[in-house]
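Reader: I have a structure open and I'm new to it. Could you walk me through reading it, one feature at a time?

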Amino acid sequence: MALFPSRCSGRGGPSVSAFVTIDNVSRLFGPKLSTGEKIAAKLGAKVETRSVRAVSDVTLSVRKGETLGLVGDSGCGKSTLGRLIAGILSPTTGSVKIDGAPVMKNGKKVTTRVQTVFQDPFASLDPRMKVGETVAEGPVAHALTTKANADTYVADWFTRVGLDPVWVDRYPHQFSGGQRQRIAIARALAMQPDVLICDEPVASLDVSIQAQIINLFLELTRGLDLTSVFISHDLSVVQHVSDRVAVMYLGRIVELGPVAEVFGQPAHPYTAALFGSVPKLVLDADELVRFETIEGEVPSPLSPPSGCYYHPRCPLATEICRTEQPGTTVVSDLRTVACHNFEAQLTDHVPG
Amino acid sequence: MTDPVLSVKNLTTHFFTRAGVVKAVDGVSFDLAKGEIMGLVGESGSGKTVTGFSLLGLVDAPGRIVAGSVTLNGTELTTLSGRALQSRRGQEISMIFQDPIATLNPMLTIGQQMQMAIDAHERMSKRAAMARAAEALTQVGIPSAEARLRAYPHEFSGGMRQRVAIAIALLHRPAVLVADEPTTALDVSIQAQILFQMRDLAAQTGTAMIWISHDLAVVSSLASKLAVMYAGRIVEQGPTATLLRDPRHPYTAGLIASLPAMAKPGMPLTQIPGTTPSLLSLPPGCPFAPRCDRHTDACLHKPEMTMQDNRGWRCFHPVAQDAGVPA
């Protein structure tokens, strides 16, 4: 494994020996241009398009063996970022590299070293394929195993994810949600990836099954020394499985750091508000729970506010927040925040 | 305690399918006082939604309420005619659902839909109806309500749409509101806003609520009492804090223990083995026994509800005291 020179200053954030590097990645979604418009654009005419900047100038690195959590409200770009890292989407600008090798070349994914587990195992498995064939398809195509050995290869992965290998001839509908998610995990891991992207892997599962899948994730990522990105809106799950967490708001990373520090003492007002609005188990019936609700809603990404995207909802907003987009500031080792007034947030915060 | 607004006794709803009889709700009993919020917790297929539907008489064939009674303000609902029930639905008891986009008609403005809901139970001028609708929207925290009455559902965000659904459900100040996972599809920040408002509304209007959810944390911050369902039956019920701090049923204890907040970060979570049983082929006796580490031969019989003070559980081998969340 090649270690990268540490990046101590600038947008890169604090020094992290990077395994996955995400360098200034942006992704725009806009309407498809018609042939006429394309020609007009080529000729230098200005073509009016309204595009959404789903991911905006994200620079991140993930260390070997680390789990990075990605959190934020729906529409904040966390799934898009996950897909950019996984090579499912190509970045509009910037690049994603794993161990120095780019994930995409000319809009095509050129590596099998990153694999994805999606939220809904009902949708991500082909209903007409036997689950054993689904798991074998990739490894056979990429010569990780031979057709002759595929059965034993698949059986081995079934056992590792806690499924009975006699089930390989069944179809997805014959399994429960939790079992289907295990199959999806087996399919991803059978490709022997170094990096695993998990996009809300437990969101559609029942509470008692969630714990089983989280335990499986912890066991496998450690056992196989996997580097992973864990995307979830469920903060307690992210807190549990991640080493570091990145908080996103409208396509930008607003805070990044070790889980214990970010959860313990958020430096960005949005992080603080997000954590404050998570319902917690309340035990004292007489106590009227105070939710620290965030005022208002996430603005439309089609017309984001000026300056800091969070300023219209931010209790700490000052004049500069309305005009100037905050840069990334290094708060401490491994920790960055994009906020003009993070010092006020850090001093305001009463731990507890 | 004063007379309950809603009293449910031995409610039993079965679905008569080709594959067999699905006992979706099997002997559910609880009382609800004015302004009280009860959390109904369970996993998918545990019968919590069908319980909600049964209360409003919304169970369609092949399902049928086969036994039990639902008494709302002294009136028995299960024996009412369709028309008599309809006049109460929306007026005295109403329901909100997880997905507001499926509840609202995309072709009508919010104002038109709210007016229809008002007209269904009351005669008033259009002007008065619109004023009433605007007031209801304001109550659930929708800004510039009068202008928003002219908007269509697609012009609202998910959170705002759910507020509209709540406003419609509360138009006639029903005695009971059944809320079926209404915040599950929403972002946490919006969920917090809505939970906060619902608690205030219950206190202000005296509407009692049944809050159906799979999320223990959500109901714990809202409900004063809890009922935990498993395979069509309430396996444990009682005051929220008591149940969470000191669960007696191994399933309740298992659910609490499996929360990530209960384990040290990065350590394995306590997991309940196995999966929920199919309601078509329930094991004889206690349906949780196959997943339970405390089961014995006694569990081959169906446990009855053991009542103690203001709580109850269905288990032959209840968990010892103080197995839940450390205080």
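Reader: Let's begin with a strand pair. Which residue stands opposite A208(B) in β8(B)?

Author: Keep in mind that this is a predicted model. Strands of a sheet pair through backbone hydrogen bonds, either parallel or antiparallel. Here V176(B) is the residue opposite A208(B). The strand β7(B), residues 176-180, runs parallel to β8(B), and five bridges join them.

Reader: Which other strand do five bridges join to β8(B)?

Author: That's β3(B), residues 37-41, and this pairing is parallel too. One bridge to look for links L40(B) with I212(B) of β8(B).

Reader: Is β8(B) covered or open, then?

Author: Mostly covered: six of its six residues, 208-213, are buried. Look at the two ways the side chains point: A208(B), I210(B) and I212(B) go one way, M209(B), W211(B) and S213(B) go the other, and all of them are buried.

Reader: What do β7(B), α8(B) and β8(B) make together?

Author: They form a β-α-β unit, and it is right-handed. The helix in the unit, α8(B), spans residues 188-205.

Reader: Where else does α8(B) turn up?

Author: At the contact between the chains. There, 42 residues of chain B are in contact with 35 residues of chain A. On the chain B side, α8, α9, α10 and α11 each give two or more residues, and α8(B) provides the largest share, seven residues. By type, that side of chain B has 22 nonpolar, 17 polar and three charged residues.

Reader: Now a helix. Why is α4(B) described as largely enclosed?

Author: A helix has a simple rhythm: with 3.6 residues a turn, residues three or four places apart point the same way. In α4(B), residues 110-119, seven of the 10 residues are buried, so the rest of the structure largely encloses this helix. The buried ones are I110(B), G111(B), Q113(B), M114(B), Q115(B), A117(B) and I118(B). Their cover includes α5, α6 and α7 of chain B.

Reader: And chain A: what is the order of strands in its open sheet of four?

Author: The order is β2-β1-β4-β5, with antiparallel pairing. β2(A) and β5(A) stand at the edges with a single partner strand each, so one side of each has no neighbour in the sheet. For a closer look, follow β1(A), residues 20-29: seven bridges join this strand to β2(A), and the two run antiparallel. Among the paired residues, R27(A) has V55(A) of β2(A) as its bridge partner.

Definitions and conventions: Residues numbered from 1 in each chain as written. Chains lettered and ligands numbered in written order. Predicted model: local features only at pLDDT ≥ 70, side-chain atom pairs only at ≥ 80, totals over all residues. Buried ≥ 20, exposed ≤ 12 C-beta atoms within 10 Å, placed from the backbone. Pairing = 2+ DSSP bridges. Right-handed = clockwise from strand over helix to strand, strands pointing away. Contact = placed C-beta atoms within 7 Å. Nonpolar A, V, L, I, M, F, W, Y, C, P; charged D, E, K, R; others polar.
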